[in-house]
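Colleague: Got a minute? I'd like to go through this one with you, starting with the place where the chains touch.

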Amino acid sequence: MEKKKFEELMTDLEKIVKELEQGDIDLEVSIEKYTEAMKLVKICGDKLGSALESVNKIRTENGGFTDFKTEDNQ
Amino acid sequence: MEKRYITVSTLNRYLKNKLDTDSNLARVSLKGEISNFKGHTRGHLYFTLKDETSRISAVMFQFNASKLSFKPEDGMTVLVEGKISIYEATGAYQIYVENMEEDGLGNLYLKYEELKKHLATRGLFNEEHKKPLPKFPEKIGIITAPTGAAVKDILSTIKRRYPICETYLFPCLVQGELAKDDIVKQIIEANNHDLDILIVGRGGGSIEDLWAFNEEVVAEAIFNSKIPIISAVGHEIDFTIADFVADLRAPTPTGAAEIAVPNIADLNVLISQYKIRTTNLIGHLLKNQQIKLNNLKNSYVLKSPLAVYEQKEQKLSNLVSTLNSLIQNNLQYKINKYTYITGNYIINNPESLFINYQNKYNLILNKLELLNPISILSKGYSVVKLENKIIKSAENIKAGDVVDIQLHQGEIKAKVEKVG
């Protein structure tokens, strides 16, 4: 689950919430779904909180990337 | 021979006629620099058009001049169209201007309109080619100048809104002759990398400054990009060709960054809402199940299992009672009927019926007795018969007849001695 892209995780989470809200799921399934939703909430939250420093790169003449900083974007 | 002299006006009229009938001069497109510009109070424009070595007078009448979208002034290079004719009063030939455009700019507008039409015809702007943008991009490519406001605005906006997104700058020239090829090169290069969105643009500037974004090669590179592109050319009012081809158009680089990434604060709110919603939901669900369970536990049957039998027993005994009372009723009815019948007077005193009949019989018998002609004899009467006929009158009998006299008891044969 951690390997998934944030977009997929959010889509999964949204789907589960909708399923749960639709009702008529039996108890075991809804508890499974709930557990999964809580996992997704945590992973998504962690992903959002994970960027300590934004990654900004610039393409160099020799074909690689190097860190890029603008004067007031230190 | 005398020389013939003509008047000046004849000459000028002749020349005017010559020029007016020359089809080459009826519509001339001319490029020149404005000098001696004079705006008449009535709205007509008088000026001179010149190049390095030559000049011509020009007039633009009010009804044409009113359509100008710019203010002509000395030193301005313009493109004009009009006819060549002569003003008879001065004998000066001049150009009567119908249209006038600023050189360069006018050309650019023309090129812009042509290219826009051309690309629209080719379908490059069509909605079906627009690629959807991912909602949560993880890597964004930026194609713009590495210096200047545009890249700063984009990076700071992304950092503020969605710092978990990585950015990759593909530096390029954004104005001048070399800009278009540079932009194209970097769009192609960016497509070699795993990027979610490209922002292609620059800050605001004059139409000449922005021109690279109106070039056909740039439009094609944007169209061919596999990665969705947001155009971000800093000008609010006019669209560049790049704007029309791009999958999405932003009015400024900052706007492009805002479109490209979500706001992390909103997302955190959204996620915690999901958390609250699911927790509430599951809470409700569990509570409902608990209530259901309690209801079941408290149900009559589970609480007192014998009650079911009691109920059935009750039902059975009710049935038996009903049956009993039905039978009882039925029996009682019959008893009642029997009692009624046995209570009947006749049944109880059948002899009364007999006495009754006996009385009737006696009555009838008495009556019969009374009616018996013989019975009367017992009272002392006698019946006289003559030859077996009852004699009721003396006329029917004569002396000497032998009559039979019937008495109450016995008969007598007698001889009539006298009649009357």
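Modeller: Sure. The contact takes 31 residues from chain B and 31 residues from chain A. Keep in mind that this is a predicted model.

Colleague: Which elements give two or more residues to chain B's side of that?

Modeller: They are α5 (149-161), β7 (166-171) and α10 (264-297) of chain B. The largest share comes from α10(B), with 12 residues.

Colleague: And how do the residues on that side divide into nonpolar, polar and charged?

Modeller: On the side of chain B that touches chain A, 18 are nonpolar, five are polar and eight are charged.

Colleague: You listed β7(B) there. Which strand of chain A is joined to β7(B), and by how many bridges?

Modeller: That's β1 of chain A, residues 56-59, joined to β7(B) by three bridges. The two strands run parallel. For one pair, look at I58(A), whose bridge partner in β7(B) is L169(B).

Colleague: What about β6 of chain B, how many bridges join that strand to β7(B)?

Modeller: Six, and again the strands run parallel. β6(B) covers residues 139-144, and I143(B) has F170(B) as its bridge partner in β7(B).

Colleague: So what's the strand order of the open sheet?

Modeller: There are seven strands, in the order β2(A)-β1(A)-β7(B)-β6(B)-β8(B)-β9(B)-β10(B), and the pairing is mixed.

Colleague: Why is one side of β2(A) and of β10(B) left without a neighbour?

Modeller: Those two, β2 (65-67) of chain A and β10 (248-250) of chain B, stand at the edges, each with a single partner strand, so one side of each has no neighbour in the sheet. On average, neighbouring strands here are turned by 25° against each other, ignoring direction.

Colleague: Changing topic: which residues touch the most other members in the largest nonpolar core?

Modeller: That core has 48 residues, and the ones touching the most other members are I183(B), I199(B), V200(B), I222(B), I230(B) and A242(B). Leaving aside neighbours within four places in sequence, A242(B) is in contact with residues including V200(B), F213(B) and I222(B). There's also a second, separate core of 17 residues, with V17(A), L40(A), L267(B) and Y274(B) among them.

Colleague: Last one: what's the average pLDDT of chain B?

Modeller: It's 88, and 98% of the residues score at least 70. Among chain B's elements, β6(B) has the highest mean, 96, and helix α15 (residues 373-377) has the lowest, 70. For the complex, the predictor gives an ipTM of 0.82 and a pTM of 0.56.

How values were computed
Residues numbered from 1 in each chain as written. Chains lettered and ligands numbered in written order. Predicted model: local features only at pLDDT ≥ 70, side-chain atom pairs only at ≥ 80, totals over all residues. Contact = placed C-beta atoms within 7 Å. Helix = DSSP H or I, 4+ residues; strand = E, 2+ residues; numbered from the N terminus. Nonpolar A, V, L, I, M, F, W, Y, C, P; charged D, E, K, R; others polar. Pairing = 2+ DSSP bridges. Core = buried A, V, L, I, M, F, W, Y, C linked by C-beta atoms within 7 Å. Buried ≥ 20, exposed ≤ 12 C-beta atoms within 10 Å, placed from the backbone. Axes fitted to C-alpha atoms, helices over the stretch in contact; angles between N-to-C directions. pLDDT = per-residue confidence, 0-100.
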